[in-house]
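Please look over the sequence and the structure before reading on. The text below is meant to be read beside them.

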Amino acid sequence: MHQRKKFFKALRNLKSDEIRTKPISSFFSSILDSENLMFNEFVVYSRELFNNIIDFGVTVPIPSYQIKKRERLGLQPLNFDNKEIRKLAELTKLGSVDQ
Amino acid sequence: MKEYAFFPGCAIASRYPFYEFLVTKILNSFGYSLKYPESVTCCPEPVSMPILNEAAWYAIGARNLAIAEQMGLDLLSGCPGCINTFLRINNTLCSDEFLKGNVNNLLKQIDRKFEGTIKAWSLLRVLFEEIGPTTISEKVSRPLHGLKAAIHYGCHSFEELGEYDDLENPQSLYELSKAIGIDVVSYPSEKVCCLSFANPIDRDYVLDILYEKIQDMKKSGANCILLMCPTCHWQIDMGQIVIEIEEEKYGELEPLPVFFYPQLLGIAMGMSSSDVGLQDHEVESTDLLESIGIS
């Protein structure tokens, strides 16, 4: 329930943000005005991104063919420290840095 | 030679490695050196992550900034989404000692500390503000006359645009496009979001909005789309293919090629279309480029 309140609060902030333009506003309005399950779908999606960061360091795992392409282009390999991220994930389930 | 800590961003590393390659190559040619920070992660993503777990969002973002701080370098990224996250986290923590203390309590557990001593810069800002359209135009060996681009800044860019451009009527990408010979067309839905974050929620709504936007661009005379954001690129490039497939609903659509600005800058500086990775896009651009004498 707490997350749902935070979600709506965030949407209202976005809605009132003049930089955000017409479609975003109307889109968020439609979510705010509806009682459907969009919130749940959004949370499922967000959790998936977060789990990817914990497991791979990135929200979009880098496929092997792109890793090879990066090598061919002479780009530096990316290394992620999952140990530190796992620790932060563990800690932030308990702590809060809400303003 | 100016140095930056280079943050590729996961959308670029996983989908558009040539974009990362172009950022390094182009900035090197203007006398910049980019250093990869060790062990950084996703920025984290700026839309859904702070809603789901604000504490984790601040902590992971501050950790990335702390790694760049240890290098003693400002951070640069080609991804406006990453810059959105870093600016918001950096600015908020630097103005809120209580929050900064809480975040540092978390980082202390992994032997890190956020100080707030560096800035995050987008590639767009560096190209426009530091290098500038005039210097860029001096590097152009074949101006791209004949391209009529509809610019899509993307929502995340606006977090930073306010610091160096006009939020109501941004000029940076317009000026940079002119510098390489591109005509820019304006269209009514220029600031309309690509809505990539809404894909898992309402795909039909997302496609309807994209379809309207593409129609706006075409009516304004655009023959291509120009942007900086990898997420917007994925959404608009791939989205047009989906719209094409759903011909029964939308009718026949001739999709517009979608370019990253660094790709067209690379071509204008003499690189080939395969050098800049155009073969990796969904919407074909070969015919358009050949029509202006680029192969």
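What follows goes from the overall form of chain B to its interface with chain A, and then to single residues.

The model is a predicted one. Chain B contains 15 helices and 8 strands. Its C-alpha trace spans about 55 × 45 × 30 Å along the principal axes. A compact globule of 295 residues would have a radius of gyration near 19 Å, and because chain B has 19 Å, its value agrees with that expectation. Of the 295 residues in chain B, 64% are buried. Contacts that reach far along the sequence are frequent by count: among those joining residues at least 6 apart in chain B, 78% link residues at least 24 apart.

The interface comes next. Chain B contributes 57 residues to the contact and chain A contributes 50 residues. Between them the two chains bury about 5,100 Å², with 70% of that area on carbon and sulfur atoms. On the chain B side, Ile51(B), Leu52(B) and Ile201(B) supply 14% of the area buried against chain A, more than any other three residues.

Charged and polar pairs also cross this interface. There are 4 salt bridges between chain B and chain A. In a salt bridge with an N to O distance of 2.6 Å, the side chain of Arg63(B) meets that of Glu84(A). Polar contacts across the interface involve 9 residue pairs, counting those in which both residues have pLDDT 80 or more. Several helices of chain B each give two or more residues to the side that touches chain A, namely H1 (10-15), H2 (17-29), H3 (49-52), H4 (54-71), H6 (97-108) and H11 (203-219). H4(B) provides the largest share, 7 residues. Sorted by class, the side of chain B that touches chain A holds 37 nonpolar, 9 polar and 11 charged residues.

Helix H11 of chain B also holds Lys218(B). Is Lys218(B) buried, partly exposed or exposed? Its relative accessibility is 29%, so Lys218(B) counts as partly exposed, since the partly exposed class runs between 20% and 50%. Apart from residues up to four places away in sequence, Lys218(B) touches Leu253(B), Glu254(B) and Leu256(B). The side chain of Lys218(B) comes to 2.5 Å from the backbone oxygen of Glu254(B). By contrast with these contacts, Asn53(B) is a distant point: its C-alpha atom and that of Lys218(B) are separated by 40 Å, with the two positions 165 residues apart along the chain.

His156(B) sits in the loop between strand E5 (148-152) and helix H9 (158-164) of chain B. With a relative accessible area of 18%, His156(B) is buried, because the limit for that class is under 20%. Beyond its neighbours within four places in sequence, His156(B) is in contact with Pro46(B), Val47(B), Pro80(B), Gly81(B) and Asn84(B).

Some backbone details remain. The peptide bond from Cys43(B) to Pro44(B) is cis, and its omega is near 5°. Pro44(B) belongs to the loop between strand E2 (32-35) and H3 of chain B. Ser39(B) also lies in the loop between E2 and H3. Although Ser39(B) is not glycine, its phi is positive, near 65°. Ser39(B) counts as buried, at 14% relative accessibility.

Leu195(B) likewise has a positive phi near 65° in a residue other than glycine. Where does Leu195(B) lie? Leu195(B) is in the loop between strand E6 (183-185) and H11 of chain B. At 0% relative accessibility, Leu195(B) counts as buried.

Technical notes: Residues numbered from 1 in each chain as written. Chains lettered and ligands numbered in written order. Heavy atoms only, no water. Contact = heavy atoms within 4.5 Å. Buried area = accessible area lost by both parts, 1.4 Å probe. Polar contact = N/O pair within 3.5 Å; in protein donor to acceptor, adjacent residues only side chain to side chain. Helix = DSSP H or I, 4+ residues; strand = E, 2+ residues; numbered from the N terminus. Nonpolar A, V, L, I, M, F, W, Y, C, P; charged D, E, K, R; others polar. Rg over C-alpha atoms; globule rule 2.2 N^0.38 Å. Buried < 20%, exposed > 50% of the residue type's maximum accessible area, 1.4 Å probe, protein only.
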